[in-house]
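Me: I have a model to go through with you. Short questions, short answers, please.

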Amino acid sequence: MVQAAGELFDETGTTGAGVNDVCSRAGYTRGAFYSNFESMDELYLAVCDDRARALLDRVEAAIDERITARPGPLDLDHAVSEVVAVLPLDPSWFAARSVFIAQAAARPMAADMLRRHHEDLVDRLGPLGTASLRAAQRTATVTESALAEAMLGAYDGAMLHAVIYPDRAHAFLQSAVKAVLLGSSATSP
């Protein structure tokens, strides 16, 4: 059902699909839907969560392969380029997150789900930022969670650029992530 809801979201750009639409696409009954999800909001949050986890899995693999597994230090520009190369700037991902942010402003349940989702992202992203800094022979001067929050802010800003200025989004992301890493670290002794 999560895959079907994601496909419908990608096709329409909204969360306007209903339970029947998702069930029809996924080949399940309404009963099956409600035994897995309390609401469409919960299902679409699962879509966001699924995409976020897939994104972080790709970033973790890229950092392992392109940064930590490489012998010797990397310069910061190279470390940033390696991470940014695997970050998708997909407007449909930005649209999905924007819908949930709007829903969270109006509904405490959606805010709670979004908060848990965000905390999971921060927990996974912080160590990745720290590993990137270590590879560039830098030491974080902020907590891992503060580093992750700043990196998420840079990514969110780049996603907005991907919608408005698609030709400049990757350059913006590269600059923003580098600024975050430089501003949140010092050269290792």
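Me: What share of the contacts with a separation of 6 or more comes from residues 24 or more positions apart?
Reply: The model is predicted. Take the contacts in the protein with a separation of 6 or more. Residues 24 or more positions apart account for 70%.

Me: How many helices and strands does the protein have, and in what order do the elements run?
Reply: The protein has 9 helices and 2 strands. Read from the N terminus, the order is α-α-α-α-α-α-α-β-α-α-β.

Me: What does the C-alpha trace span, and what percentage of residues is buried?
Reply: Along the principal axes, the trace spans about 60 × 30 × 30 Å. The protein holds 189 residues. Of these, the buried share is 43%.

Me: How much accessible surface is there, and what part belongs to carbon and sulfur atoms?
Reply: The accessible surface of the protein is about 9,400 Å². The part on carbon and sulfur atoms is 55%.

Me: How far apart are the centres of the positive and negative side chains?
Reply: The protein carries 16 positive side chains and 25 negative ones. Each set has its own centre. The distance between the two centres is 3 Å.

Me: Which residues make the nonpolar surface patch of about 340 Å²?
Reply: The patch is on the protein surface. Its members are Leu160, Val163, Ile164 and Tyr165.

Me: Why can Ile164 count towards a patch?
Reply: Ile164 lies in helix H8, residues 144-164. A patch residue needs over 30% relative accessible area. Ile164 passes that cut-off because its relative accessible area is 48%.

How values were computed: Residues numbered from 1 in each chain as written. Predicted model: local features only at pLDDT ≥ 70, side-chain atom pairs only at ≥ 80, totals over all residues. Heavy atoms only, no water. Helix = DSSP H or I, 4+ residues; strand = E, 2+ residues; numbered from the N terminus. Buried < 20%, exposed > 50% of the residue type's maximum accessible area, 1.4 Å probe, protein only. Contact = heavy atoms within 4.5 Å. Areas by Shrake-Rupley, 256 points an atom, 1.4 Å probe, with all protein chains shown as cover. Lys, Arg positive; Asp, Glu negative; His and termini not counted. Charge placed at Lys NZ, Arg CZ, Asp CG, Glu CD. Patch = residues over 30% accessible without salt bridge, like charges linked within 9 Å, V, L, I, M, F, W, Y side chains within 5 Å. Salt bridge = Lys/Arg side-chain N within 4 Å of Asp/Glu carboxyl O.
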